[in-house]
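Q: Please take a close look at one turn of the backbone that stands out by its dihedral angle, and then follow the chain outward from there. I would like each step tied to the local environment.
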Amino acid sequence: MDKIFELIEKEEEQQKELVYLIPSENFISENVKKALGSDLSNKYAEGYVGKRYYQGNKIIDEIEQLAIDRGKKLFGVEYLNVQPYSGSPANGAVLMGLVNPGKTICGLKLSSGGHLTHGHPNITFSGKFFNSVQYDVNDEGKIEYNKLYQLVDQTRPKLIFAGTTAYPWILDWKKFGEIANSVGAYLVADISHIAGLIVGGVHPDPVPFVDIITSTTHKTLRGPRGAIIGVTKKGLDKNANLTKLIDRAVFPGLQGGPHMATIAAMAVAFEEDALPEFKLYAKQIVKNAQALKIGLIEGAQGFAPIHIFGTENHLMVVDVGFEKGKEVAVKLEEKGIIVNANTIPHDKGSPFKPSGIRIGSPAMTTRGWKEKEFADIGQKIANIINNQ
Ligand SMILES: Cc1ncc(COP(=O)(O)O)c(C=O)c1O
């Protein structure tokens, strides 16, 4: 057997055995996998439905249109682009389409739970090619909306990102909307982490309050690695050209041919996400995250304090001691528990030596775990942290 297939088999076996608690990971269905591994990979389809640069795309057009129609219904948006290769290119396309280089953009600090593409300074395209101003959280790890309002008032950004990658609280979309409206900024909800919770009805929906949504499709949505950009009615009312600007930024602005197997797999996932079972899944994710937290607290009793930031959603950030995040993550991996090291709010350690770990429930909830299993694993994690 080709070595690569041996390795794939090994990885597949491992995925059945280990406990996956990285909040951005999940397990896809057999049908999503089938679409991903299909012959659609063979086709080049630069352009959009009905406007391709290559021939032979009639069926491809039907597939992309189906993905768009299902996605529009699922997210409740007026327009959807399903071609972004992943979350970072989706945010790149939004910036490229709507903001001129050098203008001001605003996002949550990476070290406080934001994402690199939301203006992280110096090393990312969003921080290099735009004037990035960043907002922060308080000591509880919660966004300080009043301070954000002041920052936006002083700096008047063209675009504000509302969205997070390590934030355990419910986002106040209405407040974000009011703040963006106060300066006429575009408001982009990057719902990559919580999209499954939103469409599953357990997290408030940003669509009435924002102009644009971006989302990866591989986290709580349980689809393939890819992303979408949606424009809301509010966005279209503000600028009827938004759809054109986004389309042009995705192709030919940033990307070439769309990954059609991924787009077909998205269509499969969107259909699965609209089923009543998916609502139960979303509810169970939140219940399980809460059980995990209780387990952690119980397991930590009488030992060194572990502070837990969260949780109202699928994840929490746990303070495991000054600069100890990576050490703890490695220790947990040795015991078959997969988490990632993460900064805690106002971390005194460096980004390379953070003081926390980020843990969440989406993947093991897909595997069928309920509150009991999550409370038990929480206790186990606390014991491992304390005995190291
Ligand atoms: C909020 C948010 N936006 C964007 C991304 C980027 O997605 P990708 O890794 O697919 O580029 C992530 C990934 O973690 C994310 O959490």
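A: Asn 122 sits in the loop that connects strand E5 (104-108) to helix H5 (125-128). In this model, which is predicted, the phi angle of Asn 122 is positive, at about 70 degrees, even though the residue is not a glycine. Asn 122 counts as exposed, because 7 C-beta neighbours fall inside 10 Å, where 12 or fewer is the limit for that class.

A second non-glycine residue with a positive phi is Glu 323, whose value is near 60 degrees. Glu 323 also belongs to a loop, in this case the one between E12 and helix H13 (325-334). Its surroundings place it in the partly exposed class, since 16 other C-beta atoms lie within 10 Å. A positive phi of about 70 degrees is found as well at Gly 184, just after H7.

From strand E5, which spans 104-108, the path leads to Pro 157, a residue of the loop between H6 and E7. If neighbours within four places in sequence are left aside, the contacts of Pro 157 are Thr 104, Ile 105, Cys 106, Val 133, Val 152 and Ala 185. Unlike the exposed Asn 122, Pro 157 is classed as buried because 23 C-beta neighbours lie inside 10 Å. Its C-alpha atom is 8.7 Å from that of Ala 180, although 23 residues separate the two along the chain.

Ala 180 brings the discussion to helix H7 (residues 173-183), where Trp 173, Phe 176, Gly 177, Ile 179 and Ala 180 are buried. These buried residues share the same side of H7, because their directions cover an arc of only 165 degrees around the axis. On the face turned away from that buried side, H7 carries Lys 174 and Ser 182, both exposed. The cover over the buried residues includes helix H6 (145-155), strand E7 (159-163) and strand E8 (186-190), and the loop that holds Pro 157 runs between H6 and E7.

Strand E8 covers residues 186-190, and Val 188, together with Val 210 and Ala 264, has the most contacts inside the largest nonpolar core, a set of 112 residues. Helix H11 (residues 260-273) provides the largest share of this core, namely ten residues. Because domain 1 (12-28 + 279-387) and domain 2 (43-273) both give residues to the core, it lies between them. In soluble globular proteins, nonpolar side chains tend to be buried together. For Ala 264, once residues up to four places away in sequence are not counted, the residues touched are Ala 35, Ser 38, Leu 40, Ile 63 and Ala 67.

The two domains can also be described by their direct contact. Their C-alpha centres lie 27 Å apart, and 28 residues of domain 1 are in contact with 23 residues of domain 2. On the side of domain 1 that touches domain 2, at least two residues each come from helix H12 (276-300), strand E12 (315-319) and helix H14 (362-366). Of these, H12 gives the most, with six residues. By class, this side of domain 1 consists of 13 nonpolar, ten polar and five charged residues. E12 thus returns us to Glu 323, whose loop lies between E12 and H13.

On the other side of E12, the loop between strand E11 (307-309) and E12 contains Thr 311, and the peptide bond from Gly 310 to Thr 311 is cis, with omega near 10 degrees. Another cis peptide bond joins Phe 251 and Pro 252, with omega about 10 degrees; here the proline belongs to a helix, H10 (residues 242-254).

The ligand has a shell of its own. Among the 14 residues around the ligand, those that come nearest are Ser 86, Gly 87, Ser 88, Thr 165 and Ser 192. Helix H4 (residues 87-98) gives the most to this shell, with three residues. The class count there is 13 polar residues, one charged and no nonpolar, which can be set beside the 13 nonpolar, ten polar and five charged residues on the side of domain 1 that touches domain 2.

Key: Residues numbered from 1 in each chain as written. Predicted model: local features only at pLDDT ≥ 70, side-chain atom pairs only at ≥ 80, totals over all residues. Buried ≥ 20, exposed ≤ 12 C-beta atoms within 10 Å, placed from the backbone. Helix = DSSP H or I, 4+ residues; strand = E, 2+ residues; numbered from the N terminus. Arc of directions from axis to C-beta. Contact = placed C-beta atoms within 7 Å. Near = placed C-beta within 6 Å. Nonpolar A, V, L, I, M, F, W, Y, C, P; charged D, E, K, R; others polar. Core = buried A, V, L, I, M, F, W, Y, C linked by C-beta atoms within 7 Å. Domains from an automatic or database assignment.
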